[in-house]
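Subject: Handover of a structure for your review

Dear colleague,

Please find below the structure that I am passing on to you. I would be grateful if you could keep it open while you read the notes that follow.

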Amino acid sequence: MTQTTEPALAVEEEPRPRRTTIHRAWFVAAVTFVTIVGAAAFRSLPGLLIDPLHEEFGWSRGTITAAVSINLALYGLTAPFAAALMDRFGIRRVVAAALTVIAVGAGLTVWMTAPWQLWLCWGVLVGLGSGSMALAFAATVTNRWFTERRGLVSGILTAASASGQLIFLPFLSWLVQSDHGWRPAAVTVALAALVVVPLVWLLLRDHPADVGVRPYGSAAFVPKPQPVPGAARRAVTVLLSAVRTGPFWLLAGTFAICGASTNGLIQTHFVPAAHDHGMPVTAAASLLAVIGVFDVVGTIASGWFTDRFEPRRLLAVYYALRGVSLMFLPIVLAPGVHPPMVFFIVFYGLDWVATVPPTLALCREQYGEDSAIVFGWVLASHQIGAALVAYLGGVARDALGSYDTVWYASGALCAAAALMALVIRRRPAAAVA
């Protein structure tokens, strides 16, 4: 009897393998990633259209880049209000409406015949829509759905914009250079934004409590907060409180230089600048897309680093390296793609928006639950810097016949940003509400 029962007991006491499930937060992050990729399609277009619009309508580069500047400025200025609107009406409604506005603005450009129409459609409508899809969206999702891995998640979501550029830029450049001109590219951008709307509406959720789960990494269930009325008032109130602190001005200043040296400079002017040196537009656009490849790697790595290292020092290193690379760009621009140019593309791509995860971490450290809105205002400074350089770069090209002065000035600004990052004071964790 003993020999027959003991094996049965041994089998019954053997532990069963635990069933592992993926936390819902990762599905929300995936939908957010795809959404930002879709919205990022239009971000690939401005630098490709400067020369075609100049040739078709005879508009100066300053006139064309003025629309880019309006777009970039509104992209930033809308972000803090969008973060507050998400607190009031929910992420899903705000994002779906924003994607629709982007599609309308991009689609209407195919009928424009005057500069003011370009400024309205490409500048105002697309700028307002994209501002609601800005990095404040990623910050809101990260803050609500994650208490652990926030640096990594913010890096992944930030990389979504570069992924959109990677996916769409080569195809859009091919469309622009085709016999049909630039209009099919604008229609493609509109359709890309519209396609994502059903995905957002069906799959995105505003808060973990909506589906009865805890935020990823949280030991306790977090109830969904009540809608916050007065979204505009709250955004302004948070700003008025933040501007009384020194770290806000340092974060805003460094991020303004970040925008000036990325969206305003490289994304807007790299393709026409390379074309000035004899490089075909499709080749220059492909290089810009490769920047997007390495940007994904660099931004995700930066998120991983931010979870482990001091974000102030990371920012200083990122800005210093970016400044050095911009100083060498005038030397490596040439009619063809050669090893020094490839090195610049890889080096600069790794650093493109690697600044976002440590900047987000510093906003959380300094401003606690208001950090998403504060980051929205910091992002506004990013886009204002981008808008200024997008416009001034076009003006400088018209006046001087080259972009060399713009590259050198941007490199010097990056050196200043590195110093500013180092003097941001540390705030004790207990001081954050």
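Is Phe248 buried or exposed, or what does its relative accessible area indicate? Phe248 is buried, for its relative accessible area is 5%. Please bear in mind throughout that this is a predicted model.

Phe248 also takes part in an aromatic pair with Trp249. The two rings meet edge-to-face, with 5.6 Å from centre to centre and 80° between the planes. Unlike buried Phe248, Trp249 is exposed, at a relative accessible area of 53%.

Both residues belong to the stretch covered by helix H11, which runs over residues 246-261. With 16 residues at 1.5 Å a residue, H11 should span 22 Å, and its end C-alpha atoms are 23 Å apart, which agrees. Of these 16 residues, 13 are buried, so H11 is largely enclosed by the rest of the structure.

Aromatic pairs

The model contains 11 aromatic pairs in total. One of them joins Trp26 and Tyr216, again in an edge-to-face arrangement, with 5.2 Å between the centres and 70° between the planes. This pair links distant parts of the chain, as its two members are 190 residues apart. Trp26 is in helix H2 (residues 24-39), while Tyr216 lies in the loop between helix H9 (183-203) and helix H10 (231-242). Trp26 is partly exposed, with 27% relative accessibility, and Tyr216 is likewise partly exposed, at 22%. Together with Phe146, Trp26 and Tyr216 make up one aromatic cluster.

A charge over a ring

Another aromatic residue, Trp201, has a charged neighbour: Arg92 lies over the face of Trp201, at 4.6 Å from the ring centre.

Cysteines

How many disulfides are there? The count is 0. Cys258 illustrates this: the nearest cysteine sulfur belongs to Cys414 and is 8.1 Å away. A disulfide requires the two sulfur atoms to be within 2.5 Å, so Cys258 is in no disulfide. In general terms, a disulfide is a covalent bond between the sulfur atoms of two cysteines. Cys258 is buried, with a relative accessible area of 0%, and Cys363 is buried too, also with a value of 0%.

With kind regards

Terms used: Residues are numbered from 1 along each chain as its sequence is written. This is a predicted model: local features need pLDDT of at least 70, side-chain atom pairs count only at pLDDT 80 or more; totals for chains, interfaces and linings use all residues. Side-chain values use heavy atoms; hydrogens and water are left out. Buried means under 20% relative accessible area, exposed over 50%, partly exposed in between (1.4 Å probe, protein chains only). Helices (H or I, at least four residues) and strands (E, at least two) are DSSP runs, numbered from the N terminus. The expected span of a helix is 1.5 Å times one less than its number of residues. Rings of Phe, Tyr and Trp (its six-membered ring) pair if their centres lie within 6.5 Å; planes under 30 degrees apart count as stacked, over 60 as edge-to-face and the rest as tilted. A charge sits over a ring if NZ of Lys or CZ of Arg is within 6 Å of the ring centre and within 35 degrees of the ring normal.
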